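Got the viewer open and a selection box ready? Here's a short walk through the structure, one stop at a time.

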Amino acid sequence: MQVQPEQHPEHHRSGMASERPRAILRLAVPVPLRRLFDYLPPAGMREQDLRPGQRFHVPFGKRDLVAVLVDVVAESPLAELKPASQCIDHQPIFDARSRHFLQWAADYYQAPIGELYAAALPVALRKGKPADHWAEQWLELTTEGKGLPETALARAKKQQELLQLLLSSGRQSRTALNARGLNSSVCKALIERGLAHWVSGPTAPPPMEAVEPRPAPTLNDEQRQVIDAVPATGFSASLLEGTTGSGKTEVYLRLMARALRDGHQALLLVPEIGLTPQTLRRIAARFPDFRIAALHSGLADGERARAWLSAASGVADIVIGTRSAIFTPLPRLGVILIDEEHDGSFKQQDGVRYSARDLSVVLAKNAGVPVLLGSATPSLESLHNALSGRYQHLRLRHRAGNARPPEISLVPILHQQLQEGFAPQVLRHIGETLNRGEQALVFINRRGYSPALTCDDCGWLADCPHCSAKLTLHRRQRHLRCHHCDYRMPEVHSCPQCHSRNLNALGAGTERSEDFLTQSFGNFPVIRVDRDTTASKQALDKLLEPARNGEPCLLLGTQMLAKGHHLPKVTLVVIQDADGGLFSADFRAPERMGQLLEQVAGRAGRGDLRGHVLVQSRYPEHPLLQLLLNKGYGAFARQLMEERKIAQLPPLRAMALVRAECEEPRWAEEFLVSAREYLQAMAPPSPELQYLGPVPALLERKSGRFRFYLQVTAEKRGLLQKLLAQFSHWAEGNRNRRLRWAVDMDAQELS
Ligand code: ADP
Ligand code: ZN
Ligand code: ZN
C-alpha cells in the first residue's frame, strides 16, 4: 500500500527526480481513506494521453481497484511508486467541474474522496467496464441530404419521416431510431441514395416508452411571476413554496424548456419514490424532441451506465434522477430543479452521508446556473434560507386549474368505540364517497399486519435478536420481520416461551386494515400500496391503474401514496393516526409529521370535485396539530422555527454528529468520549460551540451493533467544518478495526 504524500517529507526523494518519468498520476482510489494515491503511468502509456477524469486499474495491496485520475503531477513525495496496471478510458468521463465538485463534497462531508467517485459512478462503470462498450452508431445527413427540402421523399413515407427528423433534430442514434420504428432498412434506403451515413459517436440514453406529445397549459399569473423571477442565466437559488396541486411541476417544465431552448442540459432531482413511470411520461410528453436520461435504482446496470454516460458526454438533454444523480457530470448544465426538496431521501444515511439537495446549490453556484427547490412543505433548512434572504422566496398560493383546497376536520378518537382503528363516522364517510362513485384514500404509516406480537399468558414479545426493535408480523408472507435489519422468522402460532396459543397481534398495519376494509367495502376494489405490494416502480403504476381510470375505489397505503400521484377522483383522504410525530425524542419528528399530513391531505380534491380530509387523533387539542390543520403547514413550520431558535437547534445552528457503532458497546462509547476530549482540546465548549454526548442513538442496537453519537452544534458552519476535518484525520489513525465511525454533517436522523 502507498502512503499519503503529506506523511512523507520532501527530502525522502532527494536526487531521484531525474530517474523518473515526469508524469505521476494522483488517483482517487475507492478505499475508506481521506487522501489521494500516487502511481506511475501504466507501462507504455504516453504522457500526452493522460487526462484527469480517466479511470485506471490499479494494484492496491493484493487487490485490483478502479481509480479515477484526479491530477497529473510532476513530483511525488514518495520514493517508490507502483505503476497503474491499465488505463480504461481514452476520453475522461469526469469533466473538470465535476471533479472540483466531488472534491468539495468530500471536504465538506469529511468523506474519503475515492468513495465519492465510487458513489458518483454507476455500478458497471465502477467495476471498470469501458465506456466504449456503449458507444453508438449515429445516422447523420450528408451535405447532399442537408440540402434537400423536407418534402423531398414524399412518396416513401418512412424515408420521408426519417429525413424530416434528421433535418429538424440533427443526427440520431440507432437506438433512438429503432425506438421510433425507423429500422435499419429505412436507414439503408437513405444511405443508398447518398443522403445519410453512419458515424460512431457517444452513448445515447436508453429510449423511453413512446407517449403522445401533450401541449403545455396556459400559465396562470402566479406561475408566470415565479418563472419570470428566476433569471435564465447566472447563479441564483430560489425556494418555491407552493401548495399541493398549485402547478409547481408546470413551473419546473417551463424552466427546463427555457434551458433546453438555449442549448443547455436540465437536471431534475426527485425523491426516491417520486421517480414513477407517470412522472417520466409527463416529461416525455412535454419534450418529445429531446433526449431524456432517467437515473434510478430500478435500472439494470447496463441501462444505468448508458443513461449516465449519455448525460456525462452531454448527449442527454434532460437528466432526471434520485439523489446520486447530483454527481453526474453535466457539461452543458443550464438549470437544476429539486422536486419535493423536503424529502428525506435526498440525504444519504450511510456511506458518504451527503445531501443532494444542499449539494445542488453548491453545484449551481459552480456552474453559474439557477437552482429551484420546490415543495408544498419546505424543510425548515430551506425555509430558513429563504426567510433570511439567502434564497429567493417564491410562492404559489392557489391550486392550478379549477381545484379548490380541501376541507379538513379532526376526528377525536380517545374515548370512541373504534373498529380496527377507525371511528364510525370515518367509515360512514368512506362508504358514502364510494357510493357516490368517487375515490377514497386511507393513509396508514405502517406496513405489515401488526407491529407487535405478544403472548397474553406470559408477556413474551417478538423482538429482533439483532436490533433494539420489535418484529413486525407480515401475515401474507407468514413471517415476522425486522424493519431495521430484515431479519425474518416464520410466523408462530404458539408462544415460544410458554407454548400458550393466546398470541395477540397488537396494533394494525396496512395488511390488517386491508382485510378489514375489504370486509367492510367489498363491493369496491381495495388497493393496498406499500413497499410490499410495489416491489418495482412498474408494479406501483399498474396497481394505481384503476384509480387513474377514475373508477370508484379505496386506496390504502403508506407514504408511498403521499407523493407525486395526481388522482383527480380522490375526494376523501383519511389519516388514520396523526399523533406519530407529536411526542418523539427526535426534534425533527414534528416537522416530518407536518409535511406528511399536508402532503397526504393534498391528495384530496385535485380535480373539479371538492376534497375532504379526516384526521384521527387522540390529542385533537394539541397546539401544533391545531396550528397545522387550521393555519396550514406554512404557519406551522414558522412556529417550529421559533422553537428551534430557542432550543439552539438547526437550521438556526449548524449540527454534525460523530457516529460510532460496534458489537461491543463500551468501545463505541469510549471512542466518542475520546473524540469529545480531542475536539474540546482544540475548541472548548462556548456559546458558539456546544457538545452533547456521547448518547445512544434512538435505535440503540442495529444488526448486532451498538450505536452512539456525539452531537456538535455551532453558530458557524465554517468552525464546525474545520474541527471535524482535523478530527477525521486523527480518527483515521486511531482506529479499532471492529469499530465503525463516521462524521454525519448536517445530520437528519438521530436514529
Ligand atoms: P404540483 O406539482 O404543485 O402538485 P402540478 O404541476 O402537478 O402541481 O399541477 C396540478 C394539476 O394542475 C396538474 O393536473 C396540472 O396539469 C394542472 N395545471 C398546472 N398548471 C396549470 C395551468 N396553468 N392551467 C391549467 N392546469 C394546470
Ligand atoms: Zn407465552
Ligand atoms: Zn433487526
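Where does arginine 478 sit? Select it and you'll land in the loop between β19 and β20. Keep in mind throughout that this is a predicted model. The backbone of arginine 478 deserves a look: its phi is near 55°, a positive value in a residue other than glycine. Turn on a surface and you'll find arginine 478 exposed, because its relative accessible area is 63%.

**Next stop: ligand 3**

Now select the zinc ion (ligand 3) and show the side chains holding it. The protein donors are the SG atoms of Cys464, Cys467, Cys482 and Cys485, at 2.2 to 2.3 Å from the ion. Check the angles if you like: the 4 donor atoms subtend 105 to 114°, so the arrangement is tetrahedral. For reference, the ideal angle for four tetrahedral donors is 109.5 degrees. Read along the chain and the donor spacing is C-x2-C-x14-C-x2-C. Cysteine 467 comes from the loop between β18 (452-455) and β19 (472-474), while cysteine 482 comes from the loop between β20 (479-481) and β21 (488-490), so this pair ties together parts 15 residues apart in sequence. Both cysteine 467 and cysteine 482 are buried.

**Over to ligand 2**

Select the zinc ion (ligand 2) next. What are its protein donors? They are Cys455, Cys458, Cys495 and Cys498, each through SG, lying 2.2 to 2.4 Å from the ion. The angles run from 105 to 113° around the 4 donor atoms, which makes this arrangement tetrahedral. The spacing along the chain is C-x2-C-x36-C-x2-C. Here cysteine 458, in the loop between β18 and β19, is paired up with cysteine 498, in the loop between β21 and β22 (503-506), so parts 40 residues apart in sequence are tied together. Try the surface again: cysteine 458 is partly exposed, with a relative accessible area of 33%, and cysteine 498 is partly exposed with a value of 33%.

**Inside: helix α2 and a cavity**

Hide the surface and pick helix α2 (residues 113-120). With 6 of its 8 residues buried, α2 is largely enclosed by the rest of the structure. The buried ones to colour are Ile113, Gly114, Leu116, Tyr117, Ala118 and Ala120. Show what they pack against, and you'll get β1 (24-28), β4 (63-73), α1, α3 (123-126) and α11 (301-312).

Stay with α1 for a moment, since there's a cavity to see. How many cavities of 30 Å³ or more does a search of the whole structure find? It finds 4, and the largest has a volume of about 60 Å³. Helix α1 (residues 96-109) gives the most to the lining of that largest cavity, with 3 residues. To outline the space, select its lining residues, among them Asp95, Arg97, Phe101, Phe327, Leu330 and Leu363. By class, the lining has 7 nonpolar, 2 polar and 2 charged residues.

**Last: some backbone oddities**

Jump to the peptide bond from proline 650 to proline 651, which is cis, with omega near 5°. Proline 651 is in the loop between α20 (633-647) and β27 (654-662). Then go to the bond from glycine 693 to proline 694: cis again, with omega near 5°. Proline 694 is placed in strand β28 (residues 689-702).

Finish at aspartate 746, in the segment after β30 (740-745). Aspartate 746 has a positive phi of about 55° although it isn't a glycine. Is aspartate 746 buried or exposed? At 11% relative accessibility, aspartate 746 counts as buried.

Definitions and conventions:
Residues are numbered from 1 along each chain as its sequence is written. Chains are lettered from A and ligands numbered from 1 in the order in which they are written. This is a predicted model: local features need pLDDT of at least 70, side-chain atom pairs count only at pLDDT 80 or more; totals for chains, interfaces and linings use all residues. Side-chain values use heavy atoms; hydrogens and water are left out. Donors are N, O and S atoms within 2.8 Å of the metal (3.2 Å for Na, K and Ca); water is not among the atoms, so sites may look incomplete. Four donors count as tetrahedral if all angles lie between 85 and 135 degrees; four count as square planar and six as octahedral if opposite donors are over 155 degrees apart and all others between 65 and 115; anything else is irregular. Helices (H or I, at least four residues) and strands (E, at least two) are DSSP runs, numbered from the N terminus. Buried means under 20% relative accessible area, exposed over 50%, partly exposed in between (1.4 Å probe, protein chains only). On a 1 Å grid over the protein atoms alone, a cavity is a set of points where a 1.4 Å probe fits but cannot get out, and a pocket is an open set with protein on both sides within 12 Å along at least five of seven lines; lining residues have an atom within 4 Å of a point. Grid points are joined across faces, edges and corners, and a volume is the space filled by probe spheres set on the points. Ala, Val, Leu, Ile, Met, Phe, Trp, Tyr, Cys and Pro count as nonpolar, Asp, Glu, Lys and Arg as charged, and the others, Gly among them, as polar. Contact means heavy atoms within 4.5 Å.
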